[in-house]
Amino acid sequence: MRCLQQHVRCTAWAQPLHRNMSQDYVLDKVKHFAVVFAQELVPGITQQQLDLAFSRALYSISAQETSGHAQLQLKFNHSCRFLGCVSQDCMLCKNNPHKTCGSGDNFDEAYADNQVLRARCEADVYVDLINHVSGDICSAAGVEVQLSVIDGDAYNDAAPDPLTTVMELHASDDGVPLLQCYGPNRALHAGTVVVPLQGGRAKLPEAFITDKNDTFHFGGGATTGHFRLLALAMRRDELGNPVPVEGVAPAVSNAFVVKTQRALNDYRKSAYPHYRDELTRLRYIGAITATRLKDARAWLGRDVPLECVDSVQSLKQLLEYVDTNRQVEDKLLALLNMRGRHRHKWDFLRAVLAGKVVYDDNAFRVWYAPDSNGCGLLYATKQAQVQSMDKPAGIAQRMTRQDGTAAVQVMMLSDVQQHPQLLTWRRQAEAAWREPGHPGWQVLQEEIDYVTNWPVTALRTGSQAAPIAPASIAAGMLQGSAAAPAELAVQQRLPQAAAAAAAGPAVSAAPPAAVLED
């Protein structure tokens, strides 16, 4: 354990990362030249002498070039695997229980001891070296990232110097290292993990914490309610010892707890439960409480409208009833053991049931390209989560039938790369999804008419051509399924299409994918 009092400044040789050449590569070439050059000047020089001389030279140069340059900072980051936004008004994501991680939530809220530290969505976590002015990732030769655990409760990011009084927790009073990893570790001190920056980015190794936050003792028996992970930029001096890099601000993770596997049961319960889930899938409700609620009238009174409360939806209905009956609410609080100091559990439960219950939703999502006259890409979903952004299920085209009803003409796809326009659209669709409000995206509500071919000219947008179906296909479609041409295979309403999507890949519910015509 030690007190953190150092801040860091960037070095002149740390520049924004280029795609084709990193400074790590350049440094390797410089070192190779230096070794050959030194052997020409001093025949017989040993490899140890060469390494020491090179390290001294690199450290001397970087130490001289730290002033007057843009500040850098380390930052935890990950590529979230979840797609659902948290907006309650978003119909695209309302029923998706897999909400994207917050911008600063790169770690889960709870781990078991000896569990590998990953994001809540199970994505790997990285440490990036960022120019906080431009936001660019910077390559920095010879820089390593040193990871350690700190007292999460003592850290206050609103303080002028939040790390001044925070303690690094390297080992318990019994001498057991707190932070370890399953992979290679270049750390010299127990309780720390060191990984090199490569192209300005360091992937966290399979790091884990060996003790629980409420049983880990430090400083003569003290404990902490939360842990945080600290990342410091370090460089080896001429003797090989790690020293802080000036000008690089450290990264501090969000707070988390470490519990036993059994104690994690509540943390592992979804914050967005399905309406048919059993009561034990809700946080703070165990098996005994769930059993009592199955005989609700025996515990809450004969006037309760629900005889058996055994699902998330029935408990939601019960809470709507107790809002108008304080006596029943008091009995329910006693039954749930959520009075007094446990009142926060009641508030949490009410918030979940009021606005976070999800319902069945396997409807297709569609993204319409801008200036395309209603043409775009169709995506299959499972519980409102797009199955794959990389593989849209088909091409979609809005149309109006002869009887005036709205429909969407769809050709299923096996490979989006078969036409450049489709590949461009796929990239635009994914970028649009990442924007607030998901511009261009909709829940498909119109009836679907499937076709098995689609001319390439129909994909041209703007001034090139209107991306509408050819007259021969459209005319056949308007005649109805009885007189439809061979390329029209299926006509379905949305519920049928959604059921097919729930049963398996969307392609299986439609005609075989066809190659685009030239």
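**Figure 1. Strand E2 alternates between a buried face and a face that is not buried.** In strand E2 (residues 72-77), Leu72, Leu74 and Phe76 point to one face and are buried. Gln73, Lys75 and Asn77 point to the other face and are not buried. In a regular strand, side chains alternate between the two faces of the sheet. The model shown here and in the other views is predicted.

**Figure 2. Strand E2 pairs with strands E4 and E13.** E2 and strand E4 (residues 126-131) run antiparallel and are joined by six bridges. Leucine 74 has leucine 129 of E4 as its bridge partner. Phenylalanine 76 is bridged to valine 127, also in E4. With strand E13 (residues 248-249), E2 runs parallel, and two bridges join them. Here leucine 72 has valine 248 of E13 as its bridge partner.

**Figure 3. Four strands form an open sheet with mixed pairing.** The strand order is E9-E4-E2-E13. Strand E9 (201-203) and E13 stand at the edges. Each of these has a single partner strand, so one side of each has no neighbour in the sheet. Strands of a sheet pair through backbone hydrogen bonds, either parallel or antiparallel. In this sheet the E2 and E4 pair is antiparallel, whereas the E2 and E13 pair is parallel.

**Figure 4. Strand E6 is largely enclosed by the rest of the structure.** Strand E6 covers residues 144-151. Eight of its eight residues are buried, so the strand is largely enclosed. Strand E8 (residues 193-196) is joined to E6 by four bridges and runs antiparallel to E6. Strand E11 (residues 227-236) also pairs with E6 in the antiparallel sense, over eight bridges. Leucine 147 has a bridge partner in each: valine 193 in E8 and alanine 231 in E11.

**Figure 5. Helices H5 and H7 are roughly perpendicular.** The axes of H5 (residues 312-322) and H7 (residues 343-355) come within 10 Å and cross at roughly 110°. That angle makes H5 roughly perpendicular to H7. The crossing is left-handed. From H5, the contact is made by Val312, Leu315, Lys316, Leu319 and Val322. From H7, the contact is made by Trp346, Leu349, Arg350, Leu353 and Ala354. By class, the residues of this contact are eight nonpolar, no polar and two charged.

**Figure 6. Helix H5 also contacts helix H6, at an oblique angle.** The axes of H5 and H6 (residues 326-336) come within 8 Å and cross at roughly 135°. The two helices are therefore oblique to each other. On the H5 side, the contact is made by Leu318, Leu319, Tyr321 and Val322. On the H6 side, Arg326, Val328, Glu329 and Leu332 take part. The contact has six nonpolar, no polar and two charged residues. Leu319 and Val322 of H5 are in this contact and also in the contact with H7.

**Figure 7. Valine 358 is a buried loop residue.** Valine 358 lies in the loop between H7 and strand E16 (365-368). Its relative accessible area is 1%; the cut-off for buried is under 20%. Tyrosine 272 is 86 residues away in sequence, yet the C-alpha to C-alpha distance to valine 358 is 6.4 Å. Leaving aside neighbours within four places in sequence, valine 358 is in contact with Lys94, Asn95, Asn96, Pro97, Tyr272, Pro273, His274, Tyr275 and Gln383.

**Figure 8. Glutamine 383 and tyrosine 284 have positive phi values.** Phi of glutamine 383 is near 50°. This residue is in the loop between strand E18 (381-382) and strand E19 (385-386). At 18% relative accessibility, glutamine 383 counts as buried. Glutamine 383 is also one of the contacts of valine 358. Tyrosine 284 has a positive phi of about 80°, although it is not a glycine. Its loop runs between strand E15 (257-259) and helix H3 (287-293). At 25% relative accessibility, tyrosine 284 counts as partly exposed.

**Figure 9. The whole protein has 10 helices and 24 strands.** Of its 518 residues, 47% are buried. Among contacts with a separation of 6 or more, 68% are between residues 24 or more positions apart.

Methods
Residues are numbered from 1 along each chain as its sequence is written. This is a predicted model: local features need pLDDT of at least 70, side-chain atom pairs count only at pLDDT 80 or more; totals for chains, interfaces and linings use all residues. Side-chain values use heavy atoms; hydrogens and water are left out. Buried means under 20% relative accessible area, exposed over 50%, partly exposed in between (1.4 Å probe, protein chains only). Axes are lines fitted to C-alpha atoms, for helices over the stretch in contact, and angles run from 0 to 180 degrees between N-to-C directions. Angles under 35 degrees count as roughly parallel, over 145 as roughly antiparallel, 65 to 115 as roughly perpendicular and the rest as oblique. A crossing is left-handed if the near helix is turned anticlockwise from the far one by less than a right angle, and right-handed if clockwise. Contact means heavy atoms within 4.5 Å. Ala, Val, Leu, Ile, Met, Phe, Trp, Tyr, Cys and Pro count as nonpolar, Asp, Glu, Lys and Arg as charged, and the others, Gly among them, as polar. Two strands pair if DSSP finds at least two bridges between them.
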